[in-house]
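Here is a short tour of the model you are about to see. Have the viewer at hand and follow along.

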Amino acid sequence: MTPEIGHFALILAFMLALIQGPALFMGARGGDARFAVFAQRASILIFGLVALSFFSLMHAYAVSDFSVANVFQNSHSAKPFIYKLTGTWGNHEGSMLLWALILTLFSAVLAMQGRAAPRDLLLLTLGVQALIITAFLAFILFTSNPFLRLIPTPADGTGLNPLLQDPGLAIHPPFLYLGYVGFSIPFSFAVAALIRGRADSVWARLVRPWALIAWVFLTIGIMLGSWWAYYELGWGGWWAWDPVENASFMPWLAGTALIHSIRVVERRDAMKGWALLLAITTFSLSLVGTFLVRSGVITSVHAFAVDPARGVFILAILFAAIGGSLTVFAFRANSLSATGAFTPVSREGALVVNNVLLLVACAVVFVGTFYPLFIDVLSGEKISVGAPYYNLIFAPLASLTLLLAAVGTLLAWKKGDLGASLKKLWPAAAAALVIAIIAAIFADRARISGAFAMGLVVWLAGGALIDIAERIKLFRGPFAQSLSRAKGLPGAAWGACLAHGGLALFALGAASMSLWKTEVVQLMAEGDRAEIAGYEVTLQSVERLRGPNYEAERATFVASKNGETVTLAGERRFYPVRGMETSEAAIQARGVSDLYISFGANTSGNGWPVRLFFNPLVGFLWIGAGVTALGGLIAFGDRGRKPAKLRKDKPAPAGAEAAPA
Amino acid sequence: MKRVLLIIPVLLFLVVGVFFYSGLKRDPSAIPSELVDKPLPEFSLPAIEGFDEGFSSEELKGEVVLLNVFASWCVSCHIEHPFLMQLAKDDAIKIYGLNWKEKPGDGKAWLDRLGNPYTKVGDDQAGRVAIDLGVTGAPETFVIDKEGRVRYRVAMPITEAYWNDKLAPMIEELRRQ
């Protein structure tokens, strides 16, 4: 019975959304105020209905109701209870329902707390959201219905992909979706602003927290996904430039540009068209990512089952959402006028450069991801684009971005003094130089690139610290005064400092992983020894054991260095229900570095093929990403101050700003 | 801003969108084979250890069959195997198994454990026949027509959906020819 309740709730939500969109657009045009009230309440009601639908599906998973086809295909009675629950979104249909749940949640929150927004802006934004909700609910109901029944009821399910039975994987999709879907709000705000012909500081102040929180979620989601791939897939790396990884990275790059440029709109009333375009682009890239994963146009380990009907439907949504919004942009963007002029050397100018670099990086990833598709369509040739392409182009771009990030935060708004800003940075430059020299001396290989990378890391972190020190006038007055200044510093400043500092830590991990990682592959029998990065590793024993729903081979290694000994264990698991194997790498953290061992099957009878890695400073990848996300969260807490000239209903400056909606 | 510039984003998207649309009709995992529409290279595979007979390329003529490359060391073959068992159970098509680069005994142990969907199994321990066939990895499956020509190559595990959408109609068509 419960699956039917979920199904009907979903149909009701769809019908409500179908009329909510038009009602909102009518309400925004003046019309009858009751339209607006209905439409706002509808947002909350739709969320309630979708939540009911989602939890009834989760209930079917919890009680292993195999009469539901989706549960039969993706669950099994022998699965641990928690993975039964997380299995709700471990498949295409369920994950789309989670996507819709988050989308309607954001709309409902906006409808409830949007009183601060100008009424027509709020209604138009909710109206665009309603159109997106309608499209996705239709997609679920017509092509990906998770509530279909099976008659007769099978005795047991066909199991969840064992790779997905892992805490890291169970929680990373919800975070990614919170990020992807979160960017729908800036998107809707942007389209609404274009329709009204007006984007000002008020608009930017409304959009900024949404863009920031979406960005924080996306950052955490990508980090968790990468962490999962690192310890679960047993290949010793953390990023593979897989199309689906790229699909999450592109909105992140565009979203990073967005949160920077929105600040310019808020503070300086400039770069409006650009910020709107970025808001549209970021969510568009999220949609493209969805298309990529679910249509089967690109092969990937992450891809869901190939179904052309779904692909066509999502493509239709893509055309409507992206094509529609960009068309509105083409016709309306020049009705926005900026009042804030700035010289090239200024905070604004630095942010323009930041935006250009981020978007070029995004384009590089885009081309790399879709090049195989373009070539296939044009010539029928099958090719793939691998890591060398990305490393070649991406590393210099990223380096340049980090190099300039330190300078940008120190430049003044409107008109900056580059010489003075660079002078303030001399401690960072000196520290960077010292570290670069140390790296060049002590590195056993990749000395020059290593020196450059380490110097860059220190430069960026130093720049972030100096920015704060300058703001609180550290060492230029009594310490107590600096301290009270520090307390009064806006969250946005602390957020920027932490985000840039976190980025520096992340870069430290990424650089040392790509420059100084060591790997040894060896066939080992019990008692055999291998050597890596000064460790002597012995394969002590391999034993068979049984888990709740798998059989496993557990290998125990003993590693010793300088008289200190540690024991590590890794597993290879075989899941009979799916006939699949997974591996649990043996990982021993040494500070922030990891000794990482994975092993294959003993097919020859002479021993197990063992891959040993020493991953230096790999921990900084996750720590850095976490600190960066924390910075975003702190900036999210800062709601900004009201710009003086907008405090009262003063007539808008001359020009099209006052253009009627 | 100039009006013309503002149209660029939507134009760019349209170009990309057209590629997406044409991409939908393509199958990224169907790697074209040099052998498609050509006769199978001649081979004669011995039996794997524990089995009585292998098979030769000559035996594949006469009806539409599948030639499936598998090995016990291949994880994706584990994924594919249950569906091959189902095909065998339904008597949907004859499947010939090429046991690729396998240690003596491992192939039989695997088939004993998980079931044997194959009409016959041949041993290609050195991987020579696989080279002639242009095999890039396991599992890989060739659709062979009545004249013994390769008509299609699948370089991934065959799933139920792929079978229903792609292979079953194709095989139906080949049988009618």
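Let us begin inside chain A. The buried residues of helix α8(A) are S184(A), I185(A), P186(A), F187(A), S188(A), F189(A), A190(A), V191(A), A192(A), A193(A), L194(A) and R196(A). Because twelve of its 13 residues are buried, α8(A) is largely enclosed by the rest of the structure. Bear in mind that this is a predicted model. Directly after α8(A) comes G197(A), with a positive phi of about 70 degrees.

How do the expected and modelled spans compare for α8(A) and for helix α1(A)? At 1.5 Å a residue, they agree for α8(A), and they agree for α1(A) too.

| Helix | Residues | Expected span | Distance between end C-alpha atoms |
|---|---|---|---|
| α1(A) | 2-28 (27 residues) | 39 Å | 38 Å |
| α8(A) | 184-196 (13 residues) | 18 Å | 18 Å |

Helix α1(A) does have a kink of about 25 degrees, at Q20(A), shortly before the proline P22(A). After α1(A) comes G30(A), where phi is positive, near 100 degrees.

Now for the nonpolar cores. Which residues touch the most other members of the largest core? Among its 194 residues, they are L276(A), V457(A), L460(A) and A507(A). The helix that gives the most to this core is α9 (residues 201-232) of chain A, with 19 residues. Setting aside neighbours within four places in sequence, L460(A) is in contact with L402(A), A405(A), A406(A), H500(A), L503(A), A504(A) and A507(A). Another core, of 35 residues, lies apart from that one and includes L40(B), F55(B), L67(B) and F70(B).

Chain B also offers a residue worth a visit: V64(B), in the loop between β2 (55-56) and β3 (65-70). Is V64(B) buried or exposed? It has 20 C-beta neighbours inside 10 Å, so V64(B) counts as buried. Beyond its neighbours within four places in sequence, its contacts are I93(B), I144(B), D145(B), K146(B), I171(B), L174(B) and R175(B). V64(B) also lies 9.1 Å from E172(B), C-alpha to C-alpha, although 108 residues separate the two in sequence.

One of those contacts of V64(B), I144(B), leads on to a hairpin. I144(B) has V150(B) in β7(B) as its bridge partner. Strands β6 (residues 140-144) and β7 of chain B run antiparallel and are joined by four bridges. Five residues lie between the two strands of this hairpin, and G148(B) in the turn has a positive phi of about 80 degrees. Since five of the five residues of β7(B) (residues 150-154) are buried, this strand is largely enclosed by the rest of the structure.

Technical notes: Residues numbered from 1 in each chain as written. Chains lettered and ligands numbered in written order. Predicted model: local features only at pLDDT ≥ 70, side-chain atom pairs only at ≥ 80, totals over all residues. Expected span 1.5 Å × (residues − 1). Bend = angle between axes of the 7 residues up to and from the residue. Core = buried A, V, L, I, M, F, W, Y, C linked by C-beta atoms within 7 Å. Contact = placed C-beta atoms within 7 Å. Pairing = 2+ DSSP bridges.
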